[in-house]
Amino acid sequence: MKATKNKSFVSTRNACKQCSPLGACMVFRGIEGGLPLLHGSQGCATYVRRYIISHFREPMDVASSNFSESTAVFGGKDNLTTALDNVIKQYHPKFIGVATTCLSETIGENVPHLLRDYLRERTGRPMPALVHASTPSYAGSHMEGFHAAVKATVDTLADGGDKIRRVNLFPGFLSPADLRHLKEILEDFNLPFTLFPDYSETLDAPTWDRYRLLPDGGTTMEDLKGMGANFASIEFGRTLKGRPTGAESLRTRFGVTRTTLGTPIGVDETDLFFQLLEVLSGRPVPEKYVQERGRLIDSFFDAHKYVFEKRAIVYGEEDLVVGLASFLASVGIVPVLCASGGESGRLEECIREVCPQMASKITVKEGVDFADIEQEAVSASPDLFIGNSKGYPISRKLNVPFVRVGFPLHDSLGGQRVLHIGYQGAQGLFDSIVNAVLRHKQDVSTAGYAYM
Ligand code: SF4
């Protein structure tokens, strides 16, 4: 395995990551009655809204404290106070998540102190829960923002108590379809759970008769408060091992056991998840999943001749890349380039864990942009590109079939309905990959094959 980093950094060109507050906004949107508020410039909120709306095709309000030049010099207390007053009056939220942008972080704004003052000055009045997540974008990607918001919410809201038969599930940044499937799986195991965040309805809602300022759905305040009394936590993301997370906070404060698994993409990672659910629930894997797994394995035999030893380039969030690499290796596709704009420092190690038999054939690049990926892609001679829509121009230039997964998908419909996880998700991904290879073979052939 070859791991490389940029030696002579000039500037980021077409980033393979999003800004840190975007991840925090996703988490805050996954809380019932929750509203994200960015403490900083209005443009940051606009950027986040545009990215999320274009992918999910749902309305997404992100409030802003609207920094100006004078705010940047004298501090944003007045702006934050006005912003909180306004959104409480207009939205009546149960929860406001305040994420700090690059500017408010750079001037050293003490947001926890400002929020304490704000609440103290309104003692006796009904107030929403206020949580602050520190999310300077120059210190991490949208995934650092996502995990920081999860941890800040748990730190602020979770209480302890006598342990009950219920688990916390921290899924990471998945699609609404993934979140719905996770809920289905845990219900089938008859295992009570708190899923956090849960934007499966708030970012993929049915049509409404009248516009709602805050959509239905999301993790309830009651469930968030009860997290410390649950007996176990499951968190997805191999790169999270050893890092301070919401699950780690619950472990140290309330003795809730923490198990970190890979995002359950593909057979191997999904098997580990189901094995854990068997232990935690005390029940065997329900028959419907045994059947799903069996059909999936059968399809691997059917399509082996089409995909064996194909070369794939995979990019996106680090834990998505790890899951996809594990899946591809298990079906005989070599993930020749695994790339991410994230910089956990753990990507190479995690890829090695899930693809031990292919390690010598894989290049891992973390902290890269799409200019770096394009440079590497030319010599990688790929047969497939797998990732979000930002990589499409490279696949087009190289005339390589492209399979869309993850976030953002700005050039197609249904990003919120892409199922990545579980045996069902693996089946859908596998069919998409095989068919992309077959379509490409048809398209470049002059013969016009109708039988492949
Ligand atoms: S200034 Fe920072 S927080 Fe704002 S959009 Fe840019 S990267 Fe994101």
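## Close-up views of a predicted model

**View A. S381 sits in the loop between α15 (370–380) and β13 (384–387).** This is a predicted model, and the first close-up looks at a residue with a backbone angle worth a second glance. S381 has a positive phi of about 45 degrees, although S381 is not a glycine. As background, most residues other than glycine have a negative phi. How exposed is S381, by relative accessible area? S381 comes out at 45%, so it counts as partly exposed; the label "exposed" is kept for values over 50%.

**View B. N66 is another non-glycine residue with a positive phi, here near 60 degrees.** Look for N66 in the loop that runs between β3 (63–64) and α3 (69–74). The relative accessible area of N66 is 38%, so N66 goes down as partly exposed. That class covers the range between the buried limit of 20% and the exposed limit of 50%.

**View C. The peptide bond from F196 to P197 is cis.** Omega for the F196 to P197 bond is near 0 degrees. As for where to find the proline, P197 is part of the loop between β7 (193–195) and α9 (221–225). For context, most peptide bonds are trans.

**View D. F407 and P408 are also joined by a cis peptide bond.** For the F407 and P408 pair, omega is about 0 degrees. P408 belongs to the loop between β14 (402–404) and α17. Helix α17 itself covers residues 422–444, and it turns up again in View F.

**View E. Helices α4 (residues 77–91) and α6 (residues 111–120) pack at an angle of about 55 degrees.** Their axes are 11 Å apart. That angle makes α4 oblique to α6, because it falls in neither the parallel class (under 35 degrees) nor the perpendicular one (65 to 115). Which hand does the crossing of α4 and α6 have? It is right-handed. On the α4 side, the residues in contact are K77, L80, T81, L84, D85 and I88, and they meet V111, L114, L115, D117 and Y118 of α6. By class, that contact has 7 nonpolar, 1 polar and 3 charged residues.

Zoom in on L114, one of the α6 residues in this contact. L114 is buried, with a relative accessible area of 13%, and the cut-off for that label is 20%. What does L114 touch beyond the residues up to four places away in sequence? The list is H39, K77, L80 and E109. Also worth marking is G76: L114 and G76 are 38 residues apart in sequence, yet their C-alpha atoms are 9.2 Å apart in space.

**View F. Helix α12 (residues 287–307) and helix α17 (residues 422–444) cross at roughly 15 degrees.** The axes of α12 and α17 come within 9 Å. The two helices are therefore roughly parallel to each other, since angles under 35 degrees earn that name. The crossing of α12 and α17 is left-handed. From α12, the contact takes in Y289, E292, R293, R295, L296, S299, F300, A303, Y306 and V307. Facing them in α17 are Y423, Q424, A426, Q427, F430, V434, V437 and L438. Sorted by class, this contact between α12 and α17 has 12 nonpolar, 3 polar and 3 charged residues.

**View G. Helix α12 has a crossing with α11 (residues 266–281) too, at roughly 165 degrees.** Here the axes come within 12 Å. That makes α11 roughly antiparallel to α12, because the angle is over 145 degrees. The hand of the α11 and α12 crossing is left. V267, D271 and F274 of α11 meet Y289, R293, L296, I297 and F300 of α12. In terms of class, the α11 contact with α12 has 6 nonpolar, no polar and 2 charged residues.

**View H. S175 is tucked into the loop between β6 (164–170) and α8 (176–188).** Is S175 buried or exposed? At 5% relative accessibility, it counts as buried. Leaving out neighbours within four places in sequence, S175 is in contact with G415, Q416, V418 and H420.

**View I. The ligand is surrounded by C19, P21, C44, Y47, T101, C102 and S137.** How many of these residues fall into each class? The shell around the ligand has 5 nonpolar and 2 polar residues, with no charged ones.

Conventions: Residues numbered from 1 in each chain as written. Predicted model: local features only at pLDDT ≥ 70, side-chain atom pairs only at ≥ 80, totals over all residues. Heavy atoms only, no water. Axes fitted to C-alpha atoms, helices over the stretch in contact; angles between N-to-C directions. Helix = DSSP H or I, 4+ residues; strand = E, 2+ residues; numbered from the N terminus. Left-handed = near helix turned anticlockwise from the far one by under 90°. Contact = heavy atoms within 4.5 Å. Nonpolar A, V, L, I, M, F, W, Y, C, P; charged D, E, K, R; others polar. Buried < 20%, exposed > 50% of the residue type's maximum accessible area, 1.4 Å probe, protein only. Near = heavy atom within 4 Å.
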